[in-house]
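Biologist: I would like a close look at a single part of this chain, set against the chain as a whole. Please take your time and keep the reasoning connected.

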Amino acid sequence: MTPTQTLIDSIYSERVKRAQAAVPADKLMDGFLLFEESRRWALAGIRAEFPEIDSAQAEQIFCDRLNLLRRRDEHGLYQPLEVLHDEL
């Protein structure tokens, strides 16, 4: 049985209402839990890619990859103070 668009919209609407009703502490905890689950999946993928490494090495590769993504996402976002001072 294929779900109808009405059913899909109803489920989505209920999920949005629950999210809006959640207290901030629960939302923060959900974020932590989601990150931890994502981290476990990423580490499993790293171990599958490099079966010979130990847990510490897998963690290091994971951290390196996160840092690479952060640097990519923040590229050009921050400028040295001297550059900003010269523009004033």
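Biologist: Leaving aside its neighbours within four places in sequence, which residues is Ile-46 in contact with?

Modeller: Bearing in mind that this is a predicted model, the contacts of Ile-46, once its neighbours within four places in sequence are left aside, are with Ile-53, Ala-58, Ile-61, Phe-62 and Arg-65. Ile-46 itself has its place in helix H2, and with a relative accessible area of 1% it counts as buried, because the cut-off for that term is under 20%. Another view of this part comes from the backbone, where the C-alpha atoms of Ile-46 and Glu-59 are separated by 8.9 Å, although these residues lie 13 residues apart along the chain.

Ile-46 also belongs to the largest nonpolar core, which has five residues in all, namely Leu-43, Ile-46, Ile-53, Ala-58 and Phe-62. The elements that give two or more residues to this core are helix H2, covering 24–49, and helix H3, covering 55–74. Within the core, Ile-53 can be followed in its turn: not counting residues up to four places away in sequence, Ile-53 touches Ile-46, Ala-58 and Ile-61.

Around this part, the protein chain comes to four helices and zero strands, and its pattern, read along the sequence, is α-α-α-α. The radius of gyration is 21 Å, well over the 12 Å that the globule rule gives for 88 residues, so the chain is more spread out than a compact globule. Along the principal axes, the C-alpha atoms fill a box of roughly 60 × 50 × 30 Å. Buried residues make up 7% of the 88 residues, and Ile-46 is one of the buried residues. The area that the protein chain exposes is about 7900 Å², of which carbon and sulfur atoms supply 62%. As for charge, there are 11 positive and 16 negative charges, and their mean positions are 7 Å apart.

Leu-77 offers a useful contrast to the buried Ile-46, since Leu-77 is exposed, with a relative accessible area of 56%. The place of Leu-77 is in the loop between H3 and helix H4, the latter covering 81–87. From C-alpha to C-alpha, Leu-77 and Thr-2 are 45 Å apart in space, and in sequence they are 75 residues apart.

How values were computed
Residues numbered from 1 in each chain as written. Predicted model: local features only at pLDDT ≥ 70, side-chain atom pairs only at ≥ 80, totals over all residues. Heavy atoms only, no water. Rg over C-alpha atoms; globule rule 2.2 N^0.38 Å. Buried < 20%, exposed > 50% of the residue type's maximum accessible area, 1.4 Å probe, protein only. Areas by Shrake-Rupley, 256 points an atom, 1.4 Å probe, with all protein chains shown as cover. Lys, Arg positive; Asp, Glu negative; His and termini not counted. Charge placed at Lys NZ, Arg CZ, Asp CG, Glu CD. Core = buried A, V, L, I, M, F, W, Y, C linked by side-chain atoms within 4.5 Å. Contact = heavy atoms within 4.5 Å.
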